[in-house]
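Biologist: Please take one part of this protein, its main nonpolar core, and go through it closely. I would like to know what builds it and what surrounds it.

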Amino acid sequence: MSTPMTRSERSSGVKTVRENFVLPHTRGSSHGQTRIIRKAYDEDFYAHMLDECYELWAQLEKEAGVRLYRQTGLLVIGPENSRYYELVKTTLKKNKVPMVVLTRDNFSQHIPHVILDEGHGAVVEVPAGILYADRALKTAQGQFQKLGGVIRDKEMVTDIKPGPVVTVVTSSGAYQAKSVVITAGPWANRLLAHTGLELPLEVAKINVCYWKEKVPGSYDIEKRFPCFIQTECKESKEHIYGLPSNEYPGLMKICYHAGSVVDPDHRDQQTDRSDIDILQRYVARCLPGLEPKPAVVESCLYTLTPDRHFVLDCHPTYSNIVIGAGFSGHGFKFGPIIGKLLSELSLGEVPSYDLSPFRIRRFHGNTKSAL
């Protein structure tokens, strides 16, 4: 849940965020109207963190008087005997998440207009749903400012000078702070280079596709159609995910959970549509109520780590520089917890959760000196 070229500083209790682009913008990974929130993971630690995430999203809703979450349920489909599908079911059971296991006999009764492949299982995570992303960002920024925080957009960071007091140089001036949090999304390594660090991050452009219903309302959120994740299928080993018709009337959001490597400053030059070709074949075969050609194609960026887990850690050389990066296309739902953990690290406090899955040292020889 990073914003490009964001810089967060803490000095004498004053919190400031520096942002390269004019807010709101669509150049990073956090824009768009919706994201899925779920506990259907193959790793238990994510499901554990999400308990508090749900609570904190609800707290933000209450404090701001804005609806940010809507329960839709999440349909998880995949080869019944595959490791990933089995691990997701195990995680849901272990964490006592309300779920419904569907069979081939009752699948179409509960989930109309979707074809379940032979040998595939289906489970519905009942509490899962949608976060209204644009609304959530605007609300969080508003609450931040209400509590005394300062947001400086259209201010590019041009240098970071480590030390007991960190100096951050921007297009508008220089700032000093005892600790700095870097959450620069696709531009993370570009900024970390000033601190002598390069992480094994890869930036990919994701085509965000919307597909038209042949019969209006067939996949609509008001008809209780759920979000879904197809863990793997005939067309692909990568996840395909979808959200019910909601953002654009009569259009369902369905995306491929992978993309082509791109320079974030030249994303529009990346025109690879191989992912869209995969989606078109999948939609034509498994979602017969949709036109098998996207009506709208937007884009966002994923900043990927090799293991697809986040980076939440202090700089290996400068402990007062804290890094949040590599959210790998699934970080938005964790926003409140990520903010809490980065704050704890910047204050030198013991983190609320075990951060070993997110430490930089896990990359062994994959980190480089950028000096």
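Modeller: What follows describes the core, then the elements around it, and then some parts elsewhere in the chain.

The model is a predicted one. The secondary structure of the protein comes to 7 helices and 21 strands. Of its 371 residues, 56% count as buried. Taking contacts between residues at least 6 apart in sequence, 72% join residues at least 24 apart.

The largest nonpolar core has 30 residues, and the ones with the most contacts inside it are Trp57, Phe310, Leu312 and Phe334. At least two residues of this core come from each of α1 (44–64), α4 (133–146), β20 (311–314) and α7 (335–346). The largest share is that of α1, with 7 residues. In terms of domains, the core draws at least three residues from domain 1 (34–133 + 202–304) and at least three from domain 2 (155–201 + 306–350). As a general matter, nonpolar side chains in soluble globular proteins tend to be buried together.

Leu312 can be followed through its contacts. Leaving aside neighbours within four places in sequence, Leu312 is in contact with Ile323, Gly324, Phe327, Ile338, Leu341, Leu342, Leu345, Leu355, Phe358 and Arg359. Apart from this core lies another one, of 28 residues, among them Leu75, Ile276, Ile278 and Leu287.

Next come the aromatic rings. A pair of aromatic rings is described by the distance of the centres and the angle of the planes. With centres within 6.5 Å as the limit for a pair, the count comes to 15 aromatic pairs. In one of them, the ring centres of Phe310 and Phe334 are 5.4 Å apart and the planes stand at 70 degrees, so the pair is edge-to-face. Phe310 sits in the loop between β19 (296–304) and β20, and Phe334 in the loop between β21 (321–325) and α7, so the pair ties together parts that are 24 residues apart in sequence. Both Phe310 and Phe334 are buried. These two rings also belong to one aromatic cluster, formed by Tyr41, Phe45, Tyr46, Phe310, Phe327, Phe334 and Phe358. Of the cluster members, Phe327 and Phe358 are also in contact with Leu312.

Two of the helices that supply the core, α1 and α4, also pack against a sheet. That sheet is open and has 3 strands in the order β3-β8-β4, with antiparallel pairing. β3 (34–37) and β4 (69–71) stand at its edges with a single partner strand each, so one side of each is left without a neighbour in the sheet. From one strand to the next, the twist averages 30 degrees. Between β4 and strand β8 (residues 129–132) there are 3 bridges in the antiparallel sense; Gln71 stands opposite Gly129 in β8. Helix α1 packs on the sheet and touches β3, β4 and β8, its direction making about 140 degrees with that of β3. Helix α4 lies across β3 and β8 and runs at about 50 degrees to β8.

Another open sheet of 3 strands has the order β10-β11-β12, again with antiparallel pairing. Its edge strands are β10 (157–161) and β12 (173–177), each pairing on one side only. The twist in this sheet averages 20 degrees from one strand to the next. β10 is joined to strand β11 (residues 166–170) by 4 bridges, and the two run antiparallel. In β11, Thr170 is the bridge partner of Val157.

Elsewhere, strand β15 (residues 227–230) has Cys227 and Ile229 pointing one way and Phe228 and Gln230 the other, and all are buried. Strand β5 (residues 74–79) is joined to β15 by 4 bridges and runs parallel to it, with Leu74 opposite Cys227. β15 also pairs with strand β16 (residues 240–248), in the antiparallel sense and over 3 bridges; there the bridge partner of Ile229 is Tyr241.

One residue outside the strands completes the account. Arg273 lies in the loop between β18 (260–261) and α6 (274–286). Arg273 is partly exposed, with a relative accessible area of 42%. Arg273 and Ile206 are 67 residues apart in sequence, and their C-alpha atoms are 9.8 Å apart in space.

Note on methods:
Residues numbered from 1 in each chain as written. Predicted model: local features only at pLDDT ≥ 70, side-chain atom pairs only at ≥ 80, totals over all residues. Heavy atoms only, no water. Pairing = 2+ DSSP bridges. Axes fitted to C-alpha atoms, helices over the stretch in contact; angles between N-to-C directions. Core = buried A, V, L, I, M, F, W, Y, C linked by side-chain atoms within 4.5 Å. Buried < 20%, exposed > 50% of the residue type's maximum accessible area, 1.4 Å probe, protein only. Domains from an automatic or database assignment. Contact = heavy atoms within 4.5 Å. Phe/Tyr/Trp six-rings, centres within 6.5 Å; stacked < 30°, edge-to-face > 60°.
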